[in-house]
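Trainee: I would like a close look at a single part of this model, the loops. Please take them one by one and say what can be read from the atoms.

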Amino acid sequence: MVREIGGRLLDDEQELIRCGKHGGPDRRSDPHIGAMINRLTRQKTDVTLENSVGLYFAGLSMTGWAGPNGSDLSGIWRYVRSTEEKPVRAVLEVPSRPGFVVGGITINGRPITFGAQVADLISMKLTGVATRFGRTTVRPMTGCRGS
């Protein structure tokens with residue numbers, strides 16, 4: 001929804017999520033997803049989410065990763081439940097070789113000790129579909145939810 005308060009279109013991630021109450025404002029994903037979809041609606045489009053609606057893996061950045069003793073890291077990240085375009089589950093799994101453990105892998109010189117180090121490098125996606133650019137007849141909302 002396009003939101004207009006006092007003649008001004010809202011476009012900031014935090015003001016949009018607090019006004020629309022469409023997710024958790026303290027999360028990283030919810031405000032960003034809402035703002036990206038809202039960017040489409042501000043172009044006077046009709047917008048929906050692509051079927052099947054869900055968050056999908058977009059990828060894992062392995063820039064700066066190094067294996068123990070220069071080991072090849074290809075194949076340690078794989079999707080285990082997915083379609084090619086919409087992966088929903090992945091695993092990071094080291095080869096079953098003596099001495100090869102996740103903690104032996106470094107990211108930018110730091111050994112992996114917590115899953116969050118990997119999670120920070122995962123990209124997710126949600127796909128919005130827009131149509132009728134510049135032709136929507138939907139008027140902006142002039143208030144916030146619950147107000």
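Mentor: What follows starts with the whole chain and then goes through selected loop residues.

The model is predicted. It holds three helices and eleven strands, and from the N terminus on the order is β-β-α-α-β-β-β-β-β-β-β-α-β-β. The radius of gyration is 21 Å, where a compact globule of 147 residues would have one near 15 Å. Along the principal axes, the C-alpha atoms fill a box of roughly 65 × 30 × 25 Å. Buried residues make up 25% of the 147 residues. The accessible surface is about 9800 Å², and carbon and sulfur atoms account for 50% of that surface. Of the contacts between residues at least 6 apart in sequence, 60% join residues at least 24 apart. As for charge, there are 20 positive and 14 negative side chains, with the centres of the two sets 4 Å apart.

The loop between helix H1 (13-20) and H2 contains Lys21, and His22 lies in the loop between H1 and H2 as well. Lys21 is a residue other than glycine with a positive phi, near 50 degrees. His22 has a relative accessible area of 41% and is therefore partly exposed, since that class runs between the 20% limit for buried and the 50% limit for exposed. Not counting residues up to four places away in sequence, His22 touches Leu16, Ile17, Asp30 and Gly34. Measured in sequence terms, or rather counted along the chain, His22 and Pro95 are 73 residues apart, and their C-alpha atoms are 41 Å apart in space.The next loop runs between helix H2 (29-41) and strand S3 (46-49), and Thr45 has its place there. Lys44 also lies in the loop between H2 and S3. Phi of Lys44 is positive, near 55 degrees, in a residue other than glycine. At 51% relative accessibility Lys44 counts as exposed, because the class begins over 50%. Thr45, with a relative accessible area of 5%, is buried. A polar atom of the Thr45 side chain lies 2.7 Å from the backbone oxygen of Leu40. Leaving aside neighbours within four places in sequence, Thr45 is in contact with Leu40, Ala130, Thr131, Arg132, Phe133, Gly134 and Thr136. Leu40 thus appears both in the polar pair and in the contact list of Thr45.

Ser52 is in the loop between S3 and strand S4 (56-60). The peptide bond that joins Asn51 and Ser52 is cis, with omega about -10 degrees. Both residues of this cis bond are contacts of Lys86, together with Glu50 and Tyr56, when neighbours within four places in sequence are left aside. Lys86 itself sits in another loop, between strand S6 (77-81) and strand S7 (89-92). Its side chain reaches the backbone oxygen of Asn51 at 2.6 Å. Which class does the accessibility of Lys86 give, buried or exposed? Lys86 counts as buried, because its relative accessibility is 17% and the limit is under 20%.

Ile76 is placed in the loop between strand S5 (65-66) and S6. Its relative accessible area is 2%, so Ile76 is buried. Beyond residues up to four places away in sequence, Ile76 touches Met62, Trp65, Val91, Leu92, Glu93, Val94, Pro95 and Ile105. The C-alpha atoms of Ile76 and Thr113 are separated by 16 Å, with their positions 37 residues apart along the chain.

Phe100 is found in the loop between S7 and strand S8 (106-107). Phe100 counts as buried because its relative accessibility is 7%. Its contacts, leaving aside neighbours within four places in sequence, are Pro68, Ser71, Leu73, Val94, Pro95 and Ile105. Val94, Pro95 and Ile105 are also among the residues that Ile76 touches. Phe100 and Asn69 are 31 residues apart along the chain, and their C-alpha atoms are separated by 9.7 Å.

Notes:
Residues are numbered from 1 along each chain as its sequence is written. This is a predicted model: local features need pLDDT of at least 70, side-chain atom pairs count only at pLDDT 80 or more; totals for chains, interfaces and linings use all residues. Side-chain values use heavy atoms; hydrogens and water are left out. Helices (H or I, at least four residues) and strands (E, at least two) are DSSP runs, numbered from the N terminus. The radius of gyration is taken over C-alpha atoms; the globule rule is 2.2 Å times the number of residues to the power 0.38. Buried means under 20% relative accessible area, exposed over 50%, partly exposed in between (1.4 Å probe, protein chains only). Contact means heavy atoms within 4.5 Å. Accessible areas come from the Shrake-Rupley method with a 1.4 Å probe; for residues, only the protein chains shown count as cover. Lys and Arg count as positive and Asp and Glu as negative; His and the chain ends are not counted. The place of a charge is taken as NZ of Lys, CZ of Arg, CG of Asp or CD of Glu. A polar contact is a pair of N or O atoms within 3.5 Å; within protein, one must be able to donate a hydrogen and the other to accept it, and residues adjacent in sequence count only if both atoms are side-chain atoms.
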